[in-house]
Amino acid sequence: MDLMVWRTFVTVCRLGSLSAAAAELHHTQSAVSRQIAGLERQLGVPLMERHARGVRPTPAGEVFRHHALATLNEADRAVRAAREAGDGAAFNRPLTVGATPSLAAGVVPEAIRALLKETGSLRWSLLPGLSAPLHDRVVTGELDIAVVTDAPPGLPHDPRTERRFLGVDDMVVALPVDHPRTGGGPVRMRALADETWAEDNDGSAALLHQHAARAGVSARIELTAADLPGKLALVATGHAIALIPGVLTRGLRTDVTTVSLVDPPTRGVYTVVPRRDPHPCTAALLDHLATAFASVRPGHDGVTSGPGVAADRYGPKVR
């Protein structure tokens with residue numbers, strides 16, 4: 001099959017429009033239509049269906065899109081690897097790192113800083129996101145490494161990736177600085193039963209509900225934020241309290257403080273990398289990530305596993 005046609009199909013899926021895809025690819029709309037129709041004839045199934053605002057993949061088209069994207073990214077990697085091997089420029093390859101928002105806020109930049117001290121100039125980018133989508137982007141080749149957690153709904157197993165356990169992160173409660181609990185020791189969830197909570201994602205909300213259920217109470221999540229900074233803004237202004245990752249404690253805004261929970265909910269922190277064609281800096285970055293995570297989690301041992309040695313080992317689960 002012609003990979004150029006596959007690129008056309010993936011572009012149409014991404015943009016949801018034949019005309020937009022034609023403009024981006026510098027083709028005519030009729031040429032794009034012919035390529036899609038030819039691909040459908042080859043496969044023997046319809047791949048696209050029209051709707052009010054353009055086109056979208058059929059169920060068969062969505063399955064094909066997923067595999068086509070992975071194949072195209074692998075083809076791009078093959079071309080890049082050959083060129084790098086020819087000119088000795090392997091370490092000039094850009095490094096693309098994905099991380100959950102809390103890990104992107106401190107641990108990952110710290111590890112990148114240590115890496116740059118070793119490598120010197122290196123083009124790199126950091127893409128925040130949620131764990132499951134970040135894992136998928138490693139599989140498709142969009143990311144060289146992802147730093148993720150096993151918070152609900154958890155991480156998928158995939159033989160195309162290699163996982164390394166960095167350690168356990170205790171969740172803490174974020175409070176406005178004038179909250180009555182400020183400055184106290186660890187509290188039990190029952191003591192916070194009357195509080196209003198804010199949340200920004202389903203995984204954190206699930207951890208909160210699980211912890212409250214174990215304590216025999218319920219958590220009233222009445223406010224929803226678009227992201228972690230928004231959740232912290234609701235806390236700072238006294239509208240709610242919130243469950244947040246412990247790794248954020250050292251870098252919080254000055255109008256927010258934290259209190260520990262008795263027997264807190266936890267999440268395991270992992271790196272995910274592709275098994276094939278890893279970035280040349282992967283091994284060094286993994287070590288720096290382990291060091292950076294350990295520095296913000298005193299009292300926890302970051303048990304790790306090297307490549308090929310229990311690399312898919314799981315650490316402690318969410319209790």
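## Salt bridges and local packing in a predicted model

Arg 93, Asp 144 and Asp 277 belong to one network of salt bridges. The model in which this network appears is a predicted one, and a search of the whole structure finds 16 salt bridges.

Within the network, the side chains of Arg 93 and Asp 277 meet in a salt bridge, with an N to O distance of 3.3 Å. Arg 93 sits in the loop between helix 4 (59-87) and strand 3 (95-99), while Asp 277 sits in the loop between strand 11 (266-274) and helix 10 (282-296), so this pair ties together parts of the chain that are 184 residues apart in sequence. The two partners can also be described by their accessibility: Arg 93 is buried, with a relative accessible area of 3%, whereas Asp 277 is partly exposed, with a relative accessible area of 25%.

A further salt bridge is made by the side chains of Asp 169 and Arg 267, at 3.1 Å from N to O. Asp 169 belongs to strand 6 (residues 161-176) and Arg 267 to strand 11, so the bridge ties together parts that are 98 residues apart in sequence. Asp 169 counts as buried at 0% relative accessibility, and Arg 267 also counts as buried, at 7% relative accessibility.

The side chains of Arg 220 and Glu 222 meet in another salt bridge, with 2.5 Å between N and O, and here Arg 220 counts as partly exposed, at 31% relative accessibility. As general background, side chains of opposite charge can pair when their charged atoms come close. The three pairs described above are set out in the table.

| Salt bridge | Distance, N to O |
|---|---|
| Arg 93 and Asp 277 | 3.3 Å |
| Asp 169 and Arg 267 | 3.1 Å |
| Arg 220 and Glu 222 | 2.5 Å |

Turning to the chain as a whole, there are ten helices and eleven strands, and 47% of the 319 residues count as buried. Among the contacts in the chain with a separation of 6 or more, 74% are accounted for by residues 24 or more positions apart.

Helix 3 (residues 29-43) has 15 residues and reaches 21 Å from its first C-alpha to its last, which is close to the 21 Å expected at 1.5 Å a residue. Its buried residues are Ala 31, Val 32, Gln 35, Ile 36, Gly 38 and Leu 39. Seen down the axis of helix 3, these buried residues fall within an arc of 160°, so they line one face of the helix. The face turned away from that buried side carries the exposed residues Arg 34 and Arg 41. Helix 3 is followed by Gly 44, whose phi is positive, near 80°.

Further along the chain, strand 1 (residues 48-51) and strand 2 (residues 54-57) run antiparallel and are joined by four bridges. The two strands form a hairpin with two residues between them, and the bridge partner of Met 48 in strand 2 is Pro 57.

Two helix residues illustrate how parts of the chain are placed relative to one another. Lys 231 lies in helix 9 (residues 228-236) and counts as buried, at 1% relative accessibility. Leaving aside residues up to four places away in sequence, Lys 231 touches Ala 198, Glu 199, Asp 200, Ser 204, Ala 225, Ala 242, Leu 243 and Ile 244. The C-alpha atoms of Lys 231 and Ile 241, which are ten residues apart along the chain, are separated by 8.7 Å. Gln 210, for its part, has its place in helix 8 (residues 202-214) and is partly exposed, with a relative accessible area of 33%. From C-alpha to C-alpha, Gln 210 and Pro 265 are 8.1 Å apart in space, although 55 residues separate them in sequence.

The confidence of the prediction varies along the chain. The chain averages a pLDDT of 86, and 89% of the residues score at least 70. Confidence is lowest in helix 4, at a mean of 80, and highest in strand 5 (residues 145-149), at 97. Over residues 298-319 the pLDDT is below 50, and this stretch has 46 contacts in the model beyond near neighbours in sequence.

Note on methods: Residues numbered from 1 in each chain as written. Heavy atoms only, no water. Salt bridge = Lys/Arg side-chain N within 4 Å of Asp/Glu carboxyl O. Buried < 20%, exposed > 50% of the residue type's maximum accessible area, 1.4 Å probe, protein only. Pairing = 2+ DSSP bridges. pLDDT = per-residue confidence, 0-100. Contact = heavy atoms within 4.5 Å. Expected span 1.5 Å × (residues − 1). Arc of directions from axis to C-beta.
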